[in-house]
Amino acid sequence: MSPVPKLVAFDLDGTLWNPEMYELWGGAPFRRDKEGRVYDSANQRIDLIGATADILRELATDPKWKGTQVAYVSRTEYPERAIPCLKAFIIAEATSMFDLAPHQEIYPGSKTSHFKKISRASGIDFEEMIFFDNERWNITDCSPLGITCVYTPEGLTRRHWEEGLKDTQQQQPRGMEGAQQRTVEQHVCAGSSMSFAAVTCPSGELRPQKRSPAVAAIHVPESTCWWLPHQGSWSGCSVL
């Protein structure tokens with residue numbers, strides 16, 4: 001694994017900036033004043049959250065990130081606002097937020113689909129990516145792919161950034177019958193003392209592991225457990 005992630009991905013609304021695009025009074029066009037503050041067409045100000053400006057500047061200027069690609073992964077229903085807003089923020093000399101990121105998957109839909117497109121376009125494996133997002137369900141959705149996902153409920157902070165980078169260094173992928181061993185948590189089936197680890201299969205779905213990672217259900221005495229990858233949880237065990 002590289003000393004730093006090969007790809008750093010960020011959600012936009014609530015992670016890098018506020019207010020969210022749907023909350024704007026006016027939207028595009030955006031303007032930047034002489035102090036670098038950004039406003040929409042109704043003169044509503046958009047602010048970068050926490051350590052966002054410093055972290056993006058670091059990605060743009062620090063030589064250690066020269067080999068790392070940046071991506072924006074957003075489910076906003078207002079890409080026509082988000083994209084010109086990215087162009088309005090200057091984070092380093094002659095470099096806008098838009099310029100910084102060669103990958104911009106900014107449209108409604110599952111973020112797992114966004115990341116699969118990014119992986120195909122960049123040639124970068126999921127295990128070499130880190131993703132910051134302020135919504136728990138996006139973390140739950142994308143983690144099974146093998147991405148290091150960092151939950152940022154108050155937006156991107158220096159603490160989230162440093163802890164996330166530390167996590168990427170501690171991640172040790174291990175092969176397992178063609179599947180990627182990904183979890184340290186165990187799931188206990190109701191009515192049974194048996195517990196099961198979850199693995200990421202080649203399909204990208206997180207499934208229970210007993211003897212084979214290819215199974216979609218685990219049969220134990222009196223019950224069947226199903227892993228629901230899009231909900232990030234086990235279904236209630238059903239009596240056979």
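The paragraphs below lead through the interior of this predicted model, from a central strand to the nonpolar cores and then to the aromatic rings.

A convenient place to begin is strand β1, where Leu7 and Ala9 point one way while Val8 and Phe10 point the other way, and where all of these residues are buried. This strand has partners in β10 and β6: with β10 it pairs in the parallel sense over four bridges, and with β6, which also runs parallel to it, it is joined by four bridges. Individual residues can be followed across these pairings, for Ala9 of the strand stands opposite Phe131 in β10, whereas Leu7 has Gln69 as its bridge partner in β6.

From the strand one can move to the largest nonpolar core, which has 35 residues and in which Phe10, Trp17, Leu59, Tyr72, Met97 and Trp161 have the most contacts. Two or more residues of this core are given by each of several elements, including the strands β1 (7–10), β6 (69–74) and β10 (129–133) and the helices α1 (52–61), α2 (79–88) and α6 (158–170). The largest share, four residues, comes from α2. Leu59 shows how such a core residue is surrounded, since, when its neighbours within four places in sequence are left aside, Leu59 is in contact with Val8, Phe10, Trp65, Val70, Leu100 and Trp161. Apart from this core lies another one, of 15 residues, among them Leu7, Ile124, Phe131 and Cys142.

The aromatic rings add a further layer to the picture, for the structure holds six aromatic pairs. In one of them, the rings of Trp17 and Phe89 have centres 6.3 Å apart and planes at 25°, and because planes under 30 degrees apart count as stacked, this pair is stacked. Trp17 belongs to strand β2 (residues 17–18) and Phe89 to the loop between α2 and β7, so the pair ties together parts that are 72 residues apart in sequence. Both residues lie below the 20% limit for burial, so Trp17, at 0% relative accessibility, counts as buried, and so does Phe89, at 6% relative accessibility. Elsewhere, ring pairs link Phe10, Trp65, Phe132 and Trp161 into a cluster, and of these residues Phe10 and Trp161 have already appeared among the contacts of Leu59.

Rings in this model also have charged groups placed over them. Lys87 lies over the face of Phe98, at 4.7 Å from the ring centre, while the charged end of Arg136 sits over the ring of Tyr151, 3.9 Å from its centre.

Conventions:
Residues are numbered from 1 along each chain as its sequence is written. This is a predicted model: local features need pLDDT of at least 70, side-chain atom pairs count only at pLDDT 80 or more; totals for chains, interfaces and linings use all residues. Side-chain values use heavy atoms; hydrogens and water are left out. A nonpolar core is a set of buried Ala, Val, Leu, Ile, Met, Phe, Trp, Tyr and Cys residues joined through side-chain atoms within 4.5 Å. Buried means under 20% relative accessible area, exposed over 50%, partly exposed in between (1.4 Å probe, protein chains only). Contact means heavy atoms within 4.5 Å. Rings of Phe, Tyr and Trp (its six-membered ring) pair if their centres lie within 6.5 Å; planes under 30 degrees apart count as stacked, over 60 as edge-to-face and the rest as tilted. A charge sits over a ring if NZ of Lys or CZ of Arg is within 6 Å of the ring centre and within 35 degrees of the ring normal. Two strands pair if DSSP finds at least two bridges between them.
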